[in-house]
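Trainee: I should like to learn how to read several features of a protein model. Could we begin with enclosed empty space?

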Amino acid sequence: MNDDAEQQHPARANPGYAAGQLAAAFRTAAAHPDPETRRRGEERGRRWRAVLNGMANGLLTIGSRTPVAGLPAWVTPEVVRGGFATGEPSAGGPLLDFEIAAARRAGVPVERHALFGHFLSEEGLAHLYGLLDSGRYEVTVPEEAALLTVAWLVRAGEPDAALDLVEELAPFAGRLRFSPRPADRPAPRPDAVHRSTVADASAALARRRPSTAVETQREALAVWQPFGDELLLHWLEVTDEEGHVRVPGPADDRSWHARSAELLRRYRDLARRHTRCTKHLKPKENLGILRGALEETVAGRELGPRRLGLLRHAVASMARRRGRPGSPEHTALRREQAAQCALPSHHALARVVLGRLSALPQDGGVTETAPAVAPVSAEEAAKTGVPAGAEIPPAVRRPVEAALSAPVGTLVERGVVPSAEVLAELVPQLVAATTAAAHPEPALRTLAAANYRAFRNRRSLLLLNLQRQVRVEELPWVRAVAVHRVDAGADEVAATALRELGGLAVRAFPGTILPNPLIRELSVLARQAELGAPFVEELAADIFMGTFTPKFLAAARVAAELLGGGSLYERYYAIDYRAVRNLAVIEAGDAALRSHGARTSPGFAALCRQRAAQFEPGTGTGASGSWVAGNGTVIEQAQILTTHNLATLVHRVGIEPGADWAELALRCFETVCLLTGRVHHNPRPLGTIKDVAYAWRQMVFHLSLCEPQEQRRVLDRLTEETARRPWHVSGRLAPALTGLHRVMAGAPADTGTGRRLLGWSTGGHWFRPDPEPIGRKMPN
């Protein structure tokens, strides 16, 4: 959830949401046809029952940094959808297998408190030293790094720091899992970046099953088409040139009747062994007509006029459509179909690739994907029966390519990272490497990286009253080794990583706002780099009360430094950036007079409300009946004033556009057009309209960094490109483009037929109605 948002009236969590989620989980557990899905539904139901019970008995305080009574903020809570804590710590619950095995090896009671004490003994510390040196451990929740940190401190000659850490952990030693999880292989390198592991790729390939549709088609081509050819040839023997079928009597042609009986015996055998394709069972299909007529004949019944007519038509149509069996055209067709049938199934090819992956380390990525997806070798063909030289299809290649371990820029170029959201999943691996680099001692560096990766898997809590999420620096074992950080040069390393990641996100995904998980990682790097670069999250309109933390005003001031003085962005959105700078100076002075500093920026909140009311007159009046939409208009004004991190990345971090700003503006417009096309005939278009406005805002920002002459050239390109789009796209975008032309000419955007494109509206959004088609009537 957002770090800087408050709950809408009343300022406490609503148990109705939890009850609704419990009901949904119960329906899944009771009625879903898939057993594994039912099992997951039961587990979700257990967690939501824990949420509701905890809220009812007072053990849970939803919305607090310490939601579970008796547990400090640093304990990793079990969190379900919406940021609700269940009351259970993620490192709690029954002992895991590796804990039970460790207790039995040590000869201590099988419970966590005894195991905690064992690891503080001479024997236990020696075991921990071995893990630190080998790196053969995993940290899946941050708590599993705690005792390893104690051991590192003892070995580093810091017994007092180790004792202080033990004293802080001891009250929870019986409940939480502080012991490390052993692994067969060393921990992955801190700089290894991959979207999924070899184990993930193997699991995806193992889940592939033969396609029912493909195997049915294979059976039709390999079994029933050849049998149909035999039936057709058999009936053609008794069909004259004019297409009349004359069935001979048993006495006239015993051979034909004997072969008829043999064909029917073969048919029954084939039908018993090949059950996927059922087309031959349908009496109105050609094959069914030929087979049915043969059954009548073998049974000694004379074919009536209707049956003869159907038979004649079936024989003629089959011969006409594919050619007579044995003819050149028919032979060529059957040869092509036989080659198609010989192609191995995706299921079989997935098994070949799975065998290749089994020889690789399972807990890391694939450094080179080519060997894993190469054509089938002769040796593999001999073992599996898959033809040698068979190519691995894209559907089977994808899980392997998703496990590629490479620089994140390479993953973006290859399409392994298709969106900013996926990029956000990978960034913690990079930030972990940057964070750990401040520790010169190798064992501590590896431990710090493992701890950070685990910490970033911690799910965000629903927080109220502008509380912020727990940061990694607050973990006791991180604080205990903070003095061993060497910050010399670490700020430049962090700054370089921040420039690379921020620039990559802006270049690779123009028209998409940075997702909150990515913003949080960029904020970590910004703090390490000491750049004074304020990053702001996207706030949720349904838990917002119009209050902002001071970093929003700080981000708006950075935007004022970059875009103030009459930029296209400032004029298009009617911003007075000089007033923003003055407001920042005033509030900074007010904060200096307060002993604890400002926790909110009332002036920035008032400015956002004022601007929202200016562009949406119904905001805050309740006229529209949607307080969520009213909140959305205020949040959008905050995004406009701050440029939602773009100005911070450009002006403070110093990212480079790669090609040029004009190219990025054009690529943003591509996203605008793509999303606008999805609005047409969309019964619920408001979410898409919001995304259109976000992409449009980024386009205006990039365009504002171009020279005026370049701006005019790009705007002409936009107009030309719009004319080539479908009529409903060009019709919707025409007022927005007119507004941009008006601003270029020195007038406000919303003059004449021009409109300022915003995402949120408290009334009917002008972008929503379908435009009138040019030159023709609207379709009914």
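Mentor: Rolling a probe the size of a water molecule over the atoms shows where empty space is left. The model before us is predicted, and in it the count comes to 6 cavities of 30 Å³ or more. The largest cavity holds about 60 Å³ of space.

Trainee: Which residues line the largest cavity?

Mentor: The lining consists of F98, A102, R105, F119, H127, L131, S179, P180 and P182. Two elements, α3 (97-106) and α5 (122-134), each give two or more residues to this lining. The largest share, 3 residues, comes from α3.

Trainee: How many residues of each class are in the lining of the largest cavity?

Mentor: The lining has 6 nonpolar, 2 polar and 1 charged residues.

Trainee: I turn now to the strands. Which residues of β1 lie on each of its faces, and are they buried or exposed?

Mentor: Strand β1 covers residues 77-80, with P77 and V79 on one side and E78 and V80 on the other. These four residues are all buried, and both faces of the strand are therefore covered, given that buried means under 20% relative accessible area.

Trainee: Which strand is joined to β1, and do the two run parallel or antiparallel?

Mentor: The partner is β2 (residues 84-89); 3 bridges join the two strands, which run antiparallel. V79 of β1 stands opposite A85 in β2. The two strands form a hairpin with 3 residues between them, and G82 in the turn has a positive phi of about 90 degrees.

Trainee: How should a positive phi be read in other residues?

Mentor: Most residues other than glycine have a negative phi, and most peptide bonds are trans. Two histidines deserve attention in this respect. Phi of H644 is near 45 degrees, and phi of H681 is near 60 degrees; each is a positive value in a residue other than glycine.

Trainee: Where are H644 and H681 found?

Mentor: H644 has its place in the loop between α27 (627-642) and α28 (646-653). H681 is found in the loop between α29 (661-677) and α30 (686-704).

Trainee: Is H644 buried or exposed, and is H681 buried or exposed?

Mentor: H644 counts as buried because its relative accessibility is 4%. H681, with a relative accessible area of 58%, is exposed.

Trainee: Next, I should like to consider how helices are packed. Which residues of α16 are buried, and what covers them?

Mentor: In helix α16 (residues 394-402), the buried residues are V396, P399, V400 and A402. Their cover includes α8 (198-206) and α14 (346-357).

Trainee: May we also examine a single helical residue, L263? Why does L263 count as buried?

Mentor: L263 lies in helix α10 (residues 254-273). L263 counts as buried because its relative accessible area is 8%. Leaving aside residues up to four places away in sequence, L263 touches F227, E230, L231, H234 and L294. The C-alpha atoms of L263 and L310 are separated by 20 Å, and these residues are 47 residues apart along the chain.

Trainee: Finally, what values describe the chain as a whole?

Mentor: The secondary structure comes to 32 helices and 4 strands. Of the 780 residues, 49% count as buried. The C-alpha atoms fill a box of roughly 120 × 85 × 50 Å, taken along the principal axes. Among contacts between residues at least 6 apart in sequence, 73% join residues at least 24 apart. The accessible surface comes to about 36500 Å², of which 53% belongs to carbon and sulfur atoms.

Technical notes:
Residues numbered from 1 in each chain as written. Predicted model: local features only at pLDDT ≥ 70, side-chain atom pairs only at ≥ 80, totals over all residues. Heavy atoms only, no water. 1 Å grid on protein atoms, 1.4 Å probe; cavity = no way out; pocket = protein on both sides within 12 Å on 5 of 7 lines; lining within 4 Å. Points joined across faces, edges and corners; volume = space filled by probe spheres on them. Nonpolar A, V, L, I, M, F, W, Y, C, P; charged D, E, K, R; others polar. Buried < 20%, exposed > 50% of the residue type's maximum accessible area, 1.4 Å probe, protein only. Pairing = 2+ DSSP bridges. Contact = heavy atoms within 4.5 Å. Areas by Shrake-Rupley, 256 points an atom, 1.4 Å probe, with all protein chains shown as cover.
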